[in-house]
Amino acid sequence: SQADYVVPDVYVTQEKGVWRASINPDLSPRLRIHPFYSTLIRRGDKGDDNRYMREQLQEARWFIKSIQSRNDTILRVAEVIVEKQQAFFEFGEEAMRPMVLRDVAEVLEMHESTISRVTTQKYMLTPKGLVEFKYFFSSQVNTADGGNASATAIRAIIRSLISDENPQKPLSDSKITSILLNEKGIKVARRTVAKYREAMSIPPSNERKRIA
């Protein structure tokens, strides 16, 4: 079967030290109505044929306006995401900030359901790879200093800790919990660490242990 390739809706690039979003022009071709049809209507009479052409012309105009409105909404949502997640584009997913649909909806004064539709199956091409809009939304976990951290960032830290561990003495979930608190200031329960680890398909410490 023919492979389906994901085409980004938005590009993210750095301009003068600031990360910015721009719509993919290949997905939003410039549409227009040929003036020939408008000329026919102006010259026409009030008969059924001319009335039908006027209706179709209006439908075409509404269609073009809807496409433009859709692209504008996608870009506005992308701009808010990029603005709130500047640290991610600089340092990777370990620097991801907690963010939910409501955060974007409040900035744009839109309903959360609208933001949910706009971010579904929409992708942005970034220096960190091709990612879906929804990738940037995650729950938050409280930190020891009264702040909060993104669940996505915590998963990335856990994955990094495990990748750097001594294979002869792998880190237990309890040990990872301790490191998160003492070194990162992130307070999470051991069962939360286990849940995140399992979600990333990483086996427990006893199964990761390697004998020299």
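This report covers a four-stranded sheet and two helix packings in a predicted model.

## Basis

Residues are numbered from 1 along each chain as its sequence is written. The model is predicted: local features need pLDDT of at least 70, side-chain atom pairs count only at pLDDT 80 or more, totals for chains, interfaces and linings use all residues, and side-chain values use heavy atoms, with hydrogens and water left out.

Helices (H or I, at least four residues) and strands (E, at least two) are DSSP runs, numbered from the N terminus.

## The sheet

Four strands form an open sheet in the order β2-β1-β3-β4, with mixed pairing. Two strands pair if DSSP finds at least two bridges between them. β2 (18–23) and β4 sit at the edges, each pairing on one side only.

β1 (residues 10–15) and β3 (residues 123–126) run parallel, joined by two bridges. Tyr11 has Leu125 of β3 as its bridge partner. Helix α2 packs on the sheet and touches β1, β2 and β3. Contact means heavy atoms within 4.5 Å.

## Helix α5

Ile115, Val118 and Thr119 are the buried residues (under 20% relative accessible area, 1.4 Å probe, protein chains only) of α5 (residues 112–119). They cover an arc of only 90° around the axis, which puts them on the same side of α5. The arc is that of the directions from the helix axis to the C-beta atoms. The buried residues of α5 pack against α2 (48–84), α4 (101–108) and β4 (129–132). Gln121 follows α5 and has a positive phi, near 55°.

Note on methods
Buried means under 20% relative accessible area, exposed over 50%, partly exposed in between (1.4 Å probe, protein chains only). Axes are lines fitted to C-alpha atoms, for helices over the stretch in contact, and angles run from 0 to 180 degrees between N-to-C directions.
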